[in-house]
Amino acid sequence: MQVANGRAADTATEPKYWHLRTVLVRALDTEFTTGEVLPNERDLSARFGVARATLRQALDQLELEGRLVRRRGIGTLVAAPRMGVPMVDAADSRPGSARDSWRIIDADFAPAPAAVAAALGAAADEAVHTVRRLRMMSGQAVGTETLYVPDSVVPTVPGSFIKHSLAESSRARSVLRQLQRLDLDGESRAVELGVAEEEQARLLDRPPGIPVLVVTTRYQVHGRTAAVGVATYRADTCRLTFGESGMVDVAPVAPSTPAEVRAAS
């Protein structure tokens, strides 16, 4: 891309706002610090020689990517770098981890989604234990997780229970305790880009449809999948870290076009 006098040069291959986004990224990296408020739209439009509508598109894209944060009454600020979220920390990666970073939302006993049921070797209509949790870091909700566990893996948890929040909490803790005692053979993870459904977005304090990182983890015991965890992490603030032992499935995907990025937003 060509840049002259701080202005984004027009080309026939990409929209103007996409060129401007690239120029703004360079400016954020070299001229601004975390938490600094950007100049107003009028000044930025004049500096880069673009219409304010084009500028807003570029700013919206950078906010979507987690590089900018808008605060009512303050303006547009440079966002903090993404926080590292460990996926294979010995104390936090086990499915039954009860660290303070996890908060129980609810529990249920119902059929799992088709793909999860297949991974567990369960029938499509077979009820399994499900535990939903919220992951917190530095006081901020960074991810949600749903654990799916067949009844045979946690045999001391009753299949039926009173639909009450205290009963759900007790049921969830019982499932987590038994999972923590499992002698795992290993675990594998697959990571893909998704979008937050309404309930996930509410828990993460973000609007529905925002990009999220979906981490599906299979926990193996005696050569079979004993539990499946499906977690969604905020793509705008999180950087997942796996370490040397974090088995991650990486599949090649076609790069997103600017039109696809706009559609995802």
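# Notebook: cavity, helix H2, strands and loops

I began with the second largest cavity, whose lining I list as Leu 24, Ala 27, Leu 28, Phe 32, Leu 38, Leu 44, Arg 47, Phe 48, Leu 59, Leu 62 and Leu 68. I then asked which elements give two or more residues to this lining, and I found helix H1 (16-31), H2 and helix H3 (52-64). Its volume comes to about 50 Å³, and my search of the whole structure turned up two cavities of 30 Å³ or more. I keep in mind that the model is a predicted one.

**Entry on helix H2**

I turned next to H2, which covers residues 41-48, and looked up which of its residues are buried; they are Leu 44, Ser 45 and Phe 48. Seen down the helix axis, these buried residues fall within an arc of 100°, so they line one face of H2. I noted for myself that an α-helix has 3.6 residues a turn, so residues three or four places apart point the same way. Two of the buried residues, Leu 44 and Phe 48, also appear in the lining of the second largest cavity. On the face turned away from the buried side I found the exposed residues Arg 42 and Ala 46.

I also looked at both ends of H2. At its start, a side-chain oxygen of Asn 40 comes to within 3.2 Å of the backbone nitrogen of Arg 42, while after the helix comes Gly 49, with a positive phi near 65°.

**Entry on the second largest pocket**

For the second largest pocket I recorded a space of about 350 Å³ and a lining of 17 residues. Which residues lie nearest the centre of this pocket? I noted Val 69, Arg 71, Arg 234, Asp 236 and Thr 237. Strand E3 (residues 68-71) gives the largest share of the lining, with four residues.

**Entry on strand E8**

In strand E8, which runs over residues 140-149, I looked up Glu 145. Is Glu 145 buried or exposed? With a relative accessibility of 7%, Glu 145 counts as buried. Leaving aside residues up to four places away in sequence, I listed its contacts as Trp 102, Val 131, Arg 132, Arg 133, Tyr 219, Val 230 and Ala 231.

**Entry on strand E9**

I took two residues from strand E9 (residues 186-195), beginning with Gly 186. Its relative accessibility is 24%, and Gly 186 therefore counts as partly exposed. With residues up to four places away in sequence left out, Gly 186 touches Arg 218, Tyr 219 and Gln 220; Tyr 219 is also among the residues that Glu 145 touches. I further noted that Gly 186 and Thr 225, 39 residues apart in sequence, lie 9.6 Å apart in space from C-alpha to C-alpha.

The other residue that I looked up in E9 is Arg 189, which is buried, with a relative accessible area of 3%. The side chain of Arg 189 is joined to that of Glu 187 by a polar contact of 2.6 Å.

**Entry on two loop residues with positive phi**

I then checked two residues other than glycine for their phi values. Asp 205, in the loop between helix H6 (198-203) and strand E10 (211-221), has a positive phi near 60°, and its relative accessible area of 66% makes it exposed. His 222, in the loop between E10 and strand E11 (224-234), has a positive phi of about 55°. What is the relative accessible area of His 222? I read 71%, and His 222 is accordingly exposed.

**Entry on the whole chain and on confidence**

For the protein as a whole I counted seven helices and 13 strands, and I noted that 43% of the 265 residues count as buried. Among contacts with a separation of 6 or more, 63% are made by residues 24 or more positions apart.

The average pLDDT of the protein is 80, and 78% of the residues score at least 70. Over residues 246-265, however, the pLDDT is below 50, and this stretch has 24 contacts in the model beyond near neighbours in sequence. I remind myself that where pLDDT is low, the predicted coordinates should not be read in detail.

Notes. Residues numbered from 1 in each chain as written. Heavy atoms only, no water. Buried < 20%, exposed > 50% of the residue type's maximum accessible area, 1.4 Å probe, protein only. Arc of directions from axis to C-beta. Polar contact = N/O pair within 3.5 Å; in protein donor to acceptor, adjacent residues only side chain to side chain. pLDDT = per-residue confidence, 0-100. Contact = heavy atoms within 4.5 Å. 1 Å grid on protein atoms, 1.4 Å probe; cavity = no way out; pocket = protein on both sides within 12 Å on 5 of 7 lines; lining within 4 Å. Points joined across faces, edges and corners; volume = space filled by probe spheres on them.
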